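Q: I'd like to learn how to read a model like this one, feature by feature. Can we start with charged pairs and work outwards from there?

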Amino acid sequence: MTIATDKIETRNLVAGEWTDSDGTIANVNPSDVSDILGHHAQATRAQLNDAIAAAQIAQKQWWAAGIQKRHDVLIAIGKEMMERAAEIGDIISREYGKTLPEGKVEVYRAGQFFTYYAAECLRQIGDTAHSVRPGIEIDVRREPVGVVAIISPWNFPVATPAWKIAPALAFGNAVVWKPANLTPASAAAMADIIVRQDIPKGLLSLLAGPGAELGQSLVEHRGVDAISFTGSVPVGRGIAAAAMASMTKVQMEMGSKNPMLIMDDAELDLAVAHSAGAAFGSTGQKCTAASRLIVHEAVHDAFVEKLAKAAEAFKVGHAMDADSQIGPAVSEAQLASNLAYVETGKSEGAELICGGGRVEARTEGFYMAPTVFAGTQNDMRINREEMFAPITCVIKADSYDEARSIANDSEFGLTAGIMTQSLARASHFRSNMRAGTLMVNLPTAGTDYHVPFGGRGASSFGPREQGQYAEEFYTTVKTTYQSAGEPA
């Protein structure tokens, strides 16, 4: 990999070596389409085979190296990530369009994942038990699953792979990582930090390429023991089908349509701030974005008026400008999809309160105004499908019970929030919402790394990610029975 101030040419990391390929794809800055960061190589099936073969050897060496070694390596990775947060954050902002503060925070948080899982290396304690049969001892331990395929998305190009790679390495596995084609440079920067540590050659490979070809080959490969995927529901279903054919362990985080309930007793200004931040932060390109705002009729009109003012106040601009609060959509295709959903909403009868179109900035990019729809119904496409856009939809409800019923009426169940001053209502919400992550008087976006993350329904499949719960996916359990023998 070569990093310069103006060009970032990325290659594939195969079996411990940075390697060229026959084909490349341009890495375009969505804030300024005239800025080509560089080109990134597209891996071949032969390189994938080499990477997996090397990973199988490296994994055994890594497991044999012991827990202190793994701890020390992960600490070193985490520290360097945090020290270089501004530098790599700049890369994220330039190739993805995330604002500079967001990019820096993402990289710093990625470093924290590694230092957290460094501690988990030393916290692996097994279990013992008495057998129901006399003279037999039982030992229960966890071992690595082997070679883990990691397929990560473009919206958190460093943080999402970090919360997958860190536990994979902590628990003794090898990793073959396919990043999103839209964000190769930040992925290569993190891979470079990892591979420069004292680890077995081939323990981590990074292979870029189209999901339909390289990704499919990866998930179908018989040398892969587990697959961790974050992305869309259709792709996730295809991965699950491919994994079932070879009985490969699967963990998937997919779509969402996160509701935020605004109750009649909510602190309205706080509710608006949390809703706007969760809906429009990162240009709405978060799986935890608040895309359905279910508002009690008693405060509905006042809330919509305040929300529109908050949306119009956001500064949309070049991701690397200090005063930008919202950057561009990640690509021309994503922007086109966003604008198509605006037209869908209008055709379905939703009222466009503000936004809905492109924004002019100092450079030509994929900018869109934060968009609010009101008068929407939960059966509209804009309330059923994940848009991944700076678009949020307001639904009026006549009571808490109706609001909660609407919130649960979705195939997704990732995050859900409520704004209320009632302890009883908040407690009922916690017990009766069909979602994996709940927020009370907080935005739907924003989670911690030391606790489990995941959803229900079409949002997630398999064991939870993050925290100690990650152990369930990245390890397998072995139970040993041993005769105690007769005393001498």
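A: Sure. Look at Asp192 and Arg196, which form a salt bridge with the closest N and O atoms 3.2 Å apart. Keep in mind that this is a predicted model.

Q: Are the two partners, Asp192 and Arg196, buried or partly exposed?

A: The idea is to compare each relative accessible area with the cut-off: under 20% is buried, over 50% is exposed, and partly exposed is what lies in between. Asp192 comes out at 15%, so this residue is buried. Arg196 has 45% relative accessibility and therefore counts as partly exposed.

Q: Which residues are linked with Asp192 and Arg196 in a network of salt bridges?

A: Glu80, Arg84 and Glu87 join Asp192 and Arg196 in that network. For the wider count, the structure holds 24 salt bridges.

Q: What does another charged pair look like, say Glu120 with Arg123?

A: Those two form a salt bridge whose closest N and O atoms are 2.0 Å apart. Glu120 is at 5% relative accessibility, so it counts as buried. Arg123, at 42%, counts as partly exposed.

Q: And how many residues apart are Arg404 and Asp401 in helix H13?

A: Here you read the spacing along the helix. Arg404 and Asp401 are three residues apart in helix H13 (residues 400-408), so about one helical turn separates them. They form a salt bridge too, with the closest N and O atoms 3.8 Å apart. Arg404 counts as buried because its relative accessibility is 18%, while Asp401, at 47%, is partly exposed.

Q: What about a charged residue without a partner: how far from Arg70 is the nearest side chain of opposite charge?

A: For a case like this, look for the nearest opposite charge and check the distance against the salt-bridge cut-off, which is 4 Å. Arg70 is buried but has no salt bridge, and the nearest side chain of opposite charge, Glu471, is 9.8 Å away. As for what surrounds Arg70, leave aside neighbours within four places in sequence and you find contacts with Trp62, Trp63, Cys121, Gln124, Leu169, Ala170 and Gly172.

Q: Where is Arg70 found, and does the span of that helix agree or disagree with what its length predicts?

A: Arg70 is found in helix H2. To check a helix, compare the expected span with the distance between its ends. H2 has 17 residues (67-83) and at 1.5 Å a residue should span 24 Å; the end C-alpha atoms are 24 Å apart, so the two agree.

Q: Which helices do the buried residues of H2 pack against?

A: Start with who is buried: Arg70, His71, Val73, Leu74, Ile77, Gly78, Glu80 and Met81. These buried residues pack against helices H1 (45-65), H3 (85-96), H4 (100-121), H5 (159-170) and H6 (184-195).

Q: Let's take a residue from one of those helices. What does Phe113 touch?

A: Phe113 lies in H4, and with a relative accessible area of 2% this residue is buried. Not counting residues up to four places away in sequence, Phe113 touches Ala159, Ala162, Trp163, Ala166, Tyr449 and Gln466.

Q: Now a strand. Which residues cover the two faces of E17?

A: Side chains on a strand can be sorted by face, then checked for burial. In E17 (residues 371-374), Thr371 and Phe373 are on one side, Val372 and Ala374 are on the other, and all of them are buried.

Q: In what sense does E17 pair with E16 and with E18?

A: Read each partner separately. E16 (residues 351-354) runs antiparallel to E17 and is joined to it by three bridges, with Cys354 opposite Val372. E18 (residues 391-397) pairs with E17 in the parallel sense, also over three bridges, and there Phe373 stands opposite Cys393.

Q: One more strand residue: what is Ala226 in contact with?

A: Ala226 belongs to strand E12 (residues 226-230). Its relative accessible area is 0%, so Ala226 is buried. Beyond neighbours within four places in sequence, Ala226 contacts Val145, Val147, Val148, Ala149, Thr248, Lys249 and Phe473.

Q: Last point: what pLDDT does the chain average?

A: Look at the average, then look for weak stretches. The chain averages 95, and 98% of the residues score at least 70. Over residues 1-5, though, the pLDDT is below 50, and this stretch has 12 contacts in the model beyond near neighbours in sequence.

Methods: Residues are numbered from 1 along each chain as its sequence is written. This is a predicted model: local features need pLDDT of at least 70, side-chain atom pairs count only at pLDDT 80 or more; totals for chains, interfaces and linings use all residues. Side-chain values use heavy atoms; hydrogens and water are left out. pLDDT is the predictor's confidence in each residue, from 0 to 100. Contact means heavy atoms within 4.5 Å. Helices (H or I, at least four residues) and strands (E, at least two) are DSSP runs, numbered from the N terminus. The expected span of a helix is 1.5 Å times one less than its number of residues. Buried means under 20% relative accessible area, exposed over 50%, partly exposed in between (1.4 Å probe, protein chains only). Lys and Arg count as positive and Asp and Glu as negative; His and the chain ends are not counted. Two strands pair if DSSP finds at least two bridges between them.
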